[in-house]
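Colleague: Please take me slowly through a close look at one part of this model, and then carry on from there to the parts that can be described in a similar way. I am still learning to read structures, so I would be glad of a connected account.

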Amino acid sequence: MSDNLLRIRDLKVHFPIRQSSFGDTSGLLKAVDGVDLEIERGESVALVGESGSGKSTLGAAVVGMQKPTSGHIVFDGNEYGNGRANARRRMRDIQIVFQDPVSALNPRMDVGESIAEPLAIHGVGSREDRRHRVSELLELVGLNPQHADRKPNMFSGGQRQRIVIARAIALQPKLLVLDEPVSALDVSIRSQILNLLLELQQRFGLSYLFISHDLSVVRHFADRVAVMYLGRLAETGRTADVFSNPAHPYTEALLSAVPLPDPKAQRTRQRVILQGDLPSPANPPSGCRFSTRCPIAEPICRETSPSLLPVRPMQQAACHLRVPALPI
Amino acid sequence: MKKPVLSVEDLRVAISGNPVVDGVSFSVAESEIVSLVGESGCGKSMTAFSVMGLLPPVASITGGSIRLDERQINGLNAKALKSLRGNDMSMVFQEPVASLNPLMPVGRQIAESLLVHRKLGRREAQRQAIAMLEEVGIPEPALRARQYPFELSGGMCQRVMIAMALITRPRLVIADEPTTALDVTIQAQILELMKRLRTETGTAILLITHDMGVVADIADRVAVMYAGRIVEDGAVDDIFREQKHPYTRMLLSTIPRLDGSDAKSFLPTIKGMVPDIGQWPEGCRFSTRCPLVDEECRRMPPLAPSGPGRDAACWHQDLIGGLA
């Protein structure tokens, strides 16, 4: 518990919704609405959920690209919004990798320049040192150091994602936010990139916040998982526990929606197929946010919002029916 | 065996002289779902576009035949193809929102093929469109029919696309990555819908996907493509039980599994990547990435029968069981 690199407490990110052209705000879109999360050193925590669940907004808040409305984020013992020196250090220590490596690289810059850019911005080493470091980084991510003077269009999608990863680790960060890092890649390339990320983690003790909608990848990659639904956490726990014994009906539904690459198992499997779409985060249901799609919802679910409560050691879920609060 | 609705024989497609589809044969029967799987650049979308007569101007069919209910449709003129598309065959694309007309209510978009192909009156076409929306599981279909694509979610837009594709009860639907852009919960709904509709309407479905889970869920038969050729085909259960081509074998083993056990272990990988068009190696196209490669692989292995209902194109089928 003491080795938390990142600690998030009651984080909220709300966006005003403008409806008229005069910029009047008519409501709030609560993208992240009271989330607690920790990441330990060297740990991979996955954030899963459907589009619109707020997982990318949470990632952006951790990197500092999105200012939280309220709540606390403590990184390596220092709270966000606590002095410029801290902010600057955090910019080195936390990096992000996005889904689409094509738009993440400047097409007019040599890839070596792109990788060296964070080093230059933070004034690390001389030009010569940086060139040296770029070669080292390219080799580390499995590319030929001689290709540093090529433009991104000379590389395939998988190779470009390696370049983006090289740039992200250039400043020796402690935490990488990986926002769907393999979703845009072909199947045979996906496993190569996942292996690279695992290797870098083992080698440098990196922590990962892994944002993904692909539960099979999460099962393979993450130590712990947090399931998000409309801005709140529905369930958290060790990946193996949550996947084999999901407590929240939403987790159950998500897992059973993933088709298994095994036709026989797939045919005989009990599945929960959710009806309808994710409700709009601008107008979430009252009570438990999942109650409108939940197959087991009861009246209490529409009235009060459940809090995250322990199910078993290291696993928590927010469900009135599955994890009833003890009477006080 | 049922008569094929679609049969493709030795199809060849080239882009400015370079082959992209190189002798592909398969068929799809009534009510059957056949899946073409493979990574980007293997030619699966070009195969689909050839069938629909929608190849981009730089690409052209250089050989082979495509038959819809025994009638050859490659080489038909634009007008004849137009009368088939949206009537006897239709297509569902990956990006539902981008594929719909943003300026037209969805009901009218669905009704359009009835107006064009069936010469129905506007009122009757609209009535059938609303009935179709209901059939694909859209609540309040009469209200939704009057709405524009931006007012609907991605999953609903995909249902609209499917309604559009099925309104004329076509013989063949080609679905190109129909659920790739959707969340898993919505994907599950759409796959259930496709399974139900093919039994109800008898439509033959050619499903193009890279997702082996989707294949296992709804396909009856599978053809695996690599660099312009089919390297293996067969019934879905057989292919998943035992692979007769190293590419299929390795493709399946590189996928992380939801029911897997070895968390945080290194996944098996296929070295390198799919060769670019025009850079295909001599002989077996997979030879540059294959662990079983030897002298023999310099000759192109033919796609030959390998067990009942099975074909494979590999000289070393007996060694595949030993691969990771």
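Modeller: Let us begin with helix α4 of chain A, residues 111–121, in which Val111(A), Gly112(A), Ser114(A), Ile115(A), Ala116(A) and Leu119(A) are buried. Please keep in mind throughout that this is a predicted model. The buried residues of α4(A) pack against two other helices of chain A, namely α5 (127–140) and α6 (157–168). When you look at how such positions are spaced, it helps to remember that an α-helix has 3.6 residues a turn, so residues three or four places apart point the same way. After α4(A) comes Gly123(A), which has a positive phi, near 60°.

Helix α1 of chain A, residues 55–63, can be read in a similar manner, and it is mostly covered, with eight of its nine residues buried. Those buried residues are Lys55(A), Ser56(A), Thr57(A), Leu58(A), Gly59(A), Ala60(A), Ala61(A) and Val62(A). A glycine with a positive phi follows here too, for α1(A) is followed by Gly64(A), whose phi is near 95°.

From these helices we can turn to the place where chain A meets chain B, where 37 residues of chain A are in contact with 38 residues of chain B. On the chain A side, the elements that give two or more residues are α7 (187–204), α8 (215–221), α9 (239–244), α10 (249–257) and α11 (263–268). The largest share of that side, eight residues, comes from α7(A), and by class the side has 19 nonpolar, twelve polar and six charged residues.

Within chain B, follow the open sheet, whose eight strands run in the order β6-β7-β8-β3-β9-β10-β12-β11 with mixed pairing. Its edge strands are β6 (89–92) and β11 (304–305), each of which pairs on one side only. Inside the sheet, strand β3 (residues 33–37) of chain B has five of its five residues buried: Ile33(B), Ser35(B) and Val37(B) point one way, while Val34(B) and Leu36(B) point the other way. Five bridges join β3(B) to the parallel strand β8 (residues 204–209) of chain B, where Ile33(B) stands opposite Ile205(B). Four bridges join β3(B) to β9 (residues 221–226) of chain B, also running parallel, and there Leu36(B) stands opposite Ala223(B). Further along the sheet, β10 (residues 229–235) and β12 (residues 311–312) of chain B run antiparallel and are joined by two bridges, with Asp233(B) opposite Asp311(B).

A helix also belongs in this picture, since α7 (residues 154–166) of chain B lies across β6 and β7 (172–176), running at about 170° to β6(B). In the largest nonpolar core, which has 194 residues, Leu209(A) and Leu206(B) touch the most other members, and α7(B) gives the most to this core, with nine residues. Leaving aside neighbours within four places in sequence, the contacts of Leu206(B) include Val34(B) and Leu36(B), as well as Leu172(B) and Ile174(B).

Finally, the domain assignment of chain B gives domain 1 (4–219) and domain 2 (243–322), whose centres, taken over C-alpha atoms, are separated by 29 Å. Seven residues of domain 1 of chain B are in contact with five residues of domain 2 of chain B, and the domain 1 side divides into four nonpolar, two polar and one charged.

Terms used:
Residues are numbered from 1 along each chain as its sequence is written. Chains are lettered from A and ligands numbered from 1 in the order in which they are written. This is a predicted model: local features need pLDDT of at least 70, side-chain atom pairs count only at pLDDT 80 or more; totals for chains, interfaces and linings use all residues. Two strands pair if DSSP finds at least two bridges between them. Axes are lines fitted to C-alpha atoms, for helices over the stretch in contact, and angles run from 0 to 180 degrees between N-to-C directions. Ala, Val, Leu, Ile, Met, Phe, Trp, Tyr, Cys and Pro count as nonpolar, Asp, Glu, Lys and Arg as charged, and the others, Gly among them, as polar. A nonpolar core is a set of buried Ala, Val, Leu, Ile, Met, Phe, Trp, Tyr and Cys residues joined through C-beta atoms within 7 Å. A residue is buried if 20 or more other C-beta atoms lie within 10 Å of its own, exposed if 12 or fewer, and partly exposed in between; C-beta atoms are placed from the backbone. Domain bounds come from an automatic or database domain assignment.
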